[in-house]
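Biologist: Please take a close look at one part of this model, the disulfide, and then follow the chain outward from there. I would like one connected account.

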Amino acid sequence: MNKSIVILALLLSACAGFGIFKHKPQIYADKFTGNHASLASCVINKLRSDTRWVISGLGYEVRRYPDIDATEVYAYSLGTLPGMYARTLPTNPDAVGIYAEPVPKVRNYVGSPYTGPNYSFLLMIKRTDDESVRATLRGDEYEGSIAWENLKACSSSSS
């Protein structure tokens with residue numbers, strides 16, 4: 001009986017930290033021309049049309065912060081996307097794909113530690129003046145560098 005209580009206590013304490021991830025390191029930051037919302041949408045559309053399955057299979061959560069004039073794009077790999085189940089997973093041949101544009105969640109910016117699932121990259125685009133934005137990208141080097149190149153392309157096509 002005592003052994004099972006000890007094992008249960010160890011399992012509970014080990015599981016207590018699941019779902020709480022710290023931000024990944026910042027790998028890019030720069031200033032661009034354009035609107036934060038349209039740049040975020042453009043980057044997502046370019047990534048979705050990419051021919052590499054690792055990139056085209058990313059899922060997105062978009063958060064818009066009107067109080068600081070910014071948009072955040074969280075990109076998740078196939079298995080970690082919130083609300084993604086095996087029946088909707090694109091790698092499942094019987095799955096029902098959800099390919100709609102992600103609906104932005106509008107909220108106030110809190111700046112609290114991230115507590116969601118492990119993301120591939122986080123792109124934060126914040127307005128600096130009427131014509132430009134400041135973008136920062138945190139996350140994995142491979143997916144992040146492709147997203148950054150697409151952000152550059154979106155910015156140059158909007159100016």
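Modeller: What follows starts at the disulfide and moves on to the sheet, a loop and a pocket.

The model is predicted. One disulfide turns up in a search of the whole structure. Its partners are Cys-42 and Cys-154, with an S to S distance of 2.0 Å. A disulfide is a covalent bond between the sulfur atoms of two cysteines. Here the pair ties together distant parts of the chain, 112 residues apart: Cys-42 belongs to helix H2 (residues 36-48) and Cys-154 to helix H4 (residues 141-158). The torsion about the S-S bond of Cys-42 and Cys-154 is about -85 degrees, so the disulfide is left-handed.

The two cysteines can be set side by side for accessibility. Cys-154 has a relative accessible area of 2% and is buried. Cys-42, with a relative accessible area of 22%, is partly exposed; the cut-off for buried is under 20%.

H4, the helix that holds Cys-154, leads on to the sheet. That sheet is open and has six strands in the order S1-S6-S5-S3-S2-S4, with mixed pairing. Its edges are strand S1 (26-33) and strand S4 (105-106); each has a single partner strand, so one side of each is left without a neighbour in the sheet. H4 packs on the sheet, where it touches S1, strand S5 (121-127) and strand S6 (132-139), and its direction makes about 5 degrees with that of S1. At the S4 edge, strand S2 (residues 59-65) and S4 run parallel and are joined by two bridges. Arg-64 stands opposite Val-106 in S4.

H2, the helix that holds Cys-42, is reached from S1 through a loop, and Gly-34 sits in that loop. Gly-34 is partly exposed, at 26% relative accessibility. Leaving aside neighbours within four places in sequence, Gly-34 is in contact with Leu-39, Glu-131, Ser-132, Val-133 and Ser-158. Ser-158 falls within the residue range of H4, the helix of Cys-154. The C-alpha atoms of Gly-34 and Asp-129 are separated by 9.9 Å, although these residues lie 95 residues apart along the chain.

The sheet also contributes to a pocket. The second largest pocket has a volume of about 350 Å³ and a lining of 22 residues, with Tyr-65, Glu-72, Tyr-74, Tyr-109 and Ser-112 nearest its centre. The elements that give two or more residues to this lining are S2, strand S3 (70-76), S5 and S6. Of these, S5 and S6 are also touched by H4.

Terms used. Residues numbered from 1 in each chain as written. Predicted model: local features only at pLDDT ≥ 70, side-chain atom pairs only at ≥ 80, totals over all residues. Heavy atoms only, no water. Disulfide = S-S within 2.5 Å. Helix = DSSP H or I, 4+ residues; strand = E, 2+ residues; numbered from the N terminus. Buried < 20%, exposed > 50% of the residue type's maximum accessible area, 1.4 Å probe, protein only. Pairing = 2+ DSSP bridges. Contact = heavy atoms within 4.5 Å. Axes fitted to C-alpha atoms, helices over the stretch in contact; angles between N-to-C directions. 1 Å grid on protein atoms, 1.4 Å probe; cavity = no way out; pocket = protein on both sides within 12 Å on 5 of 7 lines; lining within 4 Å. Points joined across faces, edges and corners; volume = space filled by probe spheres on them.
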